[in-house]
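Work through the exercises below with the structure open. Try each task before reading its solution.

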Amino acid sequence: MGLTEGTRVPRLIKVGGLIGLVGVVATGCTPDQVLRFGWPEGVTPQADAMRQLWTWSVIAALAVGVLVWALIFWTVTFHRKKGDELPRQFQYNNPLEIIYTVIPFVMVVVLFYFTATTQNYVMADEKEPDTTVDVVAFQWNWEFDYPGYRTPNGEPVRTVGTSNFTPLLVLPTDSTIEYRLRSKDVIHSFFVPKFNFKRDTFPDPDKNNQDSVFQNTIEQEGSFVGRCAELCGTYHSMMNFEVRALSPDKFERYMDLRTRINPATDQPYTASEALREMDCGRLCTPHSVTTIPFDTERGATTEASAGSN
């Protein structure tokens, strides 16, 4: 005995709900990940703004999908072929054509507005950032200069990565940070996954009218891996760095040390030496904790605790 017309729809609803539940559970995602629709969690307000855009875009897409699916299932269920007689034919349906023209146009306009608004927020620059760092990419490592802080010899505070040292980009939390990017050789890309943001670094960006500056604010302390996201040569995959986000008071203590002479070496404090001197737990680990230096197979050590320039 087949299903009656009155029981077919509830059964379809139950089956559809079961399929949806199995689909969610089978992903292995946590409830928070499900609500974010897979968007990675960031540590900046800019990343959160992009997450909100993504979340509401997916919700809108799902709403349209559910409506379309409902119309399809309604047609399949209640308007199945009941005989050989053709239904009444229509050449034009002006109200319907207006609806399916206007509604998509409105959806595109709304999506464009929120996309442009989010982009303007993410790319906004303050005239006077709290901290500025010059990011210099080269095959196959990174150099970080702090033009607002000077060592006793008059040079800007600088951290340079080597084959046996993953450079640490130490930054303050709850502050506006400006990144000024450039490359010494080929095109690289500055990418910190926890920022949900990346920007290509070009040689001579000013001469080529390229936007090489962006700003953000880090909302929590921690260590976050950074990478080159542009294929740049033999050791591209190993061209990593680490962002070390410290509270403003720890950052000022760090910079105070970086602008002084280390009595043990008669040279300005390096990044490793300053963090070791601060002794503030895991946040002051004198080497990277999210990645390790790469071995170029030319006798370079891979010991992560080696010093920096």
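The exercises go from the whole chain to single residues and then to a core and a pocket.

This is a predicted model, in which local features need pLDDT of at least 70, side-chain atom pairs count only at pLDDT 80 or more, and totals for chains, interfaces and linings use all residues. Residues are numbered from 1 along each chain as its sequence is written, and side-chain values use heavy atoms, with hydrogens and water left out.

**Exercise 1.** State how many helices and strands the chain has, and what share of its residues is buried.

Step 1. Helices (H or I, at least four residues) and strands (E, at least two) are DSSP runs, numbered from the N terminus. The chain has six helices and twelve strands.

Step 2. Buried means under 20% relative accessible area, exposed over 50%, and partly exposed in between (1.4 Å probe, protein chains only). Of the 309 residues, 36% count as buried.

**Exercise 2.** Decide whether Asp134 is buried or exposed, and find its side-chain partner in a polar contact.

Step 1. Asp134 belongs to strand β1, residues 131–138.

Step 2. Its relative accessible area is 18%, so Asp134 is buried.

Step 3. The side chains of Asp134 and Arg180 are joined by a polar contact of 2.6 Å. Such a contact is a pair of N or O atoms within 3.5 Å; within protein, one must be able to donate a hydrogen and the other to accept it, and residues adjacent in sequence count only if both atoms are side-chain atoms.

**Exercise 3.** Decide whether Ile292 is buried or exposed.

Step 1. Ile292 is found in the segment after α6 (271–278).

Step 2. Its relative accessible area is 62%, so Ile292 is exposed.

Step 3. Ile292 and Phe165 are 127 residues apart along the chain, and their C-alpha atoms are separated by 7.9 Å.

**Exercise 4.** Explain why the largest nonpolar core lies between two domains.

Step 1. A nonpolar core is a set of buried Ala, Val, Leu, Ile, Met, Phe, Trp, Tyr and Cys residues joined through side-chain atoms within 4.5 Å. The largest one has 44 residues, of which Leu169, Tyr179, Phe190 and Ile218 touch the most other members.

Step 2. This core lies between domain 1 (30–78 + 93–124) and domain 2 (131–278) because both give residues to it. The domain bounds come from an automatic or database domain assignment.

**Exercise 5.** Find which helix gives the largest share of the lining of the largest pocket.

Step 1. α3 (45–78) and α4 (94–122) each supply at least two lining residues.

Step 2. The largest share, nine residues, comes from α3.
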